[in-house]
Amino acid sequence: MSAADLLFVNAAQVVTCAGAARARRGSEMRDAGIRRGAAVAVHAGVVLAVDAQEGLEHRYPDAARVDCAGGVLTPGLVDSHTHAIFGRARYEEQELRATGVPYMEIARRGGGIHASVRDLRSRGDDELVELARRRLVRMASYGTTTVEVKSGYGLTVADELRMLRVIARLERELPLRLIPTWLGAHEIPVEFRATPAAREAYIAMLIDDMLPIIARDGLARFADVFCEPGVFTLDETRRILMAARAAGLALKLHADELESSGAAQLAAELGATSADHLAAISEPGIRALALSDTVATLLPGTMLFLGKGRQAPARALLDAGAAIALASDFNPGTSPTVNLPLILTLGVSELHLSVAECVLAATVNGAAALGLAQRVGQIAPGFAADLALFDIEDVRELPYWYGDRRCMGSWVSGKPCHPYDLPVS
Ligand SMILES: [Zn+2]
């Protein structure tokens, strides 16, 4: 048996989230596996044992010790839905929205997603890498160790490929786990909106020109489509995702965010890994997800920031037996937060979830929403030593001190990603 090279000691609680290596659903989300007096032994970046501290210290006297200083150790948080590659912020829109200016008018004044598309196309790769690097380092400073990152502000073959290569570069350069998703179907770009034939030409370009290169070069693990009335229809979404599946990509959908269109049922039908947003999901949609292996990924920060005054029916999804994940939806238009613990606060206060449900939704089930549940999201033997340490005594404080940064350290495969060697500010 190999010896531990690293021992995490003196944690008030170790929240293991240990259990089945798959998405937890319904009542399985009630227990996050809290242990007191436990230490975590790590060998070569993998958890070797979680056991009484005295015993592990005795067994592994030569291991380097990380003193958790009475804090709470959790699995590194998994943010399974972000749009972290973008250029400029869009702070003007928040105030315009608040004063009642409709989205179409904001778009006419040069805002909205098309503003982010124009802006991204005008920037060089190095600039995009540097902007995103600072944001990802901030995410790690809040305890996030795995981040899904989508393309979708390029919307040309060259710019979408560029975005995915920027993600690949960041994945090589940063200690975080980054999972790339191709979202060429984020929106129909301005230059393809004049006629139905032009729209069709964009979809053909996605399927015939972009997808083959992305699949050939292994640039994305997932394909995602913004399936919403006024964006991509159900039929268009089905065509794009079926082509992506045939090309070997796993699937995600932006589904039923503002209007129910049957997108959740489509996600279940296509065997999508996750269906995301779901604030307007229908009863049949809830039933379809509950009967499927598709994770329902909820993004309460978005609805809060947009001032919608409503949220996805998280309890109804859980009661029906669905698996839910929580993510930030970090993006410049509708959810500019890098703070995943804040999303747990919204999970409790807005979605009426328990703390255990929120923690599992941002660890095990976030990992499941990225196809990583076999090796990420738990502090258990055989799992990657992805950890987050918080300056709290009880895990219930994690959503409680809302907006605060209590994370003292985070690790991926036992290697620190926060504090990191770049200033976090
Ligand atoms: Zn999104």
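Okay, let's start right after helix 8, at G248: its phi is positive, near 100°. Keep in mind that this is a predicted model we're looking at.

Now step back into helix 8 itself. It runs over residues 234-246, so to speak a stretch of 13 residues. From first C-alpha to last, helix 8 reaches 18 Å, close to the 18 Å expected at 1.5 Å a residue.

Which residues of helix 8 are buried? E236, T237, I240, L241, A243 and A244. They sit on the same side of helix 8, because the arc they cover around the axis is only 155°. If you want the background for that, an α-helix has 3.6 residues a turn, so residues three or four places apart point the same way. Turn the helix around, and on the face away from the buried side of helix 8 you find D235 and A246, which are exposed.

So what lies over that buried side? The cover for the buried residues of helix 8 includes two other helices, helix 7 (196-217) and helix 9 (263-270). It also includes strand 10 (177-185), strand 11 (222-227) and strand 12 (250-255).

Next, the metal. Which residues hold the zinc ion? The protein donors are H81, H83 and H254, each through NE2, plus D329 through OD. These donors lie 2.1 to 2.7 Å from the zinc ion. Read along the chain, the spacing goes H-x1-H-x170-H-x74-D. Look at the two ends of that pattern: H81 and D329 are 248 residues apart, so this pair links distant parts of the chain. H81 is in the loop between strand 8 (77-79) and helix 2 (92-98). D329 is in the loop between strand 15 (324-326) and helix 13 (340-349).

Are those two buried or exposed? H81 is buried, with a relative accessible area of 0%. D329 counts as buried too, at 2% relative accessibility.

As for the geometry, the zinc site comes out irregular, with angles of 79 to 162° among the 4 donor atoms. For reference, four tetrahedral donors would ideally give 109.5 degrees.

Two other residues I'd like you to click on. D119 is in helix 4 (residues 113-121). At 13% relative accessibility, D119 counts as buried, because the cut-off is under 20%. Setting aside neighbours within four places in sequence, D119 is in contact with G87 and R88.

Then there's L318, in helix 12 (residues 314-320). L318 counts as buried, at 3% relative accessibility. What does L318 touch, once you leave out its neighbours within four places in sequence? G26, M29, I324, L353 and E357. Take L353 from that list: it is 35 residues from L318 in sequence, and their C-alpha atoms are 9.3 Å apart in space.

Finally, let's zoom out to the whole protein chain. It has 16 helices and 18 strands. The radius of gyration is 21 Å, close to the 22 Å that the globule rule gives for 425 residues, so the chain is as compact as a globular protein of that length. Along the principal axes, the C-alpha atoms fill a box of roughly 70 × 45 × 45 Å.

How much of the chain is buried? Buried residues make up 61% of the 425. And if you take contacts between residues at least 6 apart in sequence, 72% of them join residues at least 24 apart. The H81 and D329 pair at the zinc ion, 248 residues apart, is a nice one to look at with that in mind.

Notes:
Residues are numbered from 1 along each chain as its sequence is written. This is a predicted model: local features need pLDDT of at least 70, side-chain atom pairs count only at pLDDT 80 or more; totals for chains, interfaces and linings use all residues. Side-chain values use heavy atoms; hydrogens and water are left out. Helices (H or I, at least four residues) and strands (E, at least two) are DSSP runs, numbered from the N terminus. The expected span of a helix is 1.5 Å times one less than its number of residues. Buried means under 20% relative accessible area, exposed over 50%, partly exposed in between (1.4 Å probe, protein chains only). The arc is that of the directions from the helix axis to the C-beta atoms. Contact means heavy atoms within 4.5 Å. Donors are N, O and S atoms within 2.8 Å of the metal (3.2 Å for Na, K and Ca); water is not among the atoms, so sites may look incomplete. Four donors count as tetrahedral if all angles lie between 85 and 135 degrees; four count as square planar and six as octahedral if opposite donors are over 155 degrees apart and all others between 65 and 115; anything else is irregular. The radius of gyration is taken over C-alpha atoms; the globule rule is 2.2 Å times the number of residues to the power 0.38.
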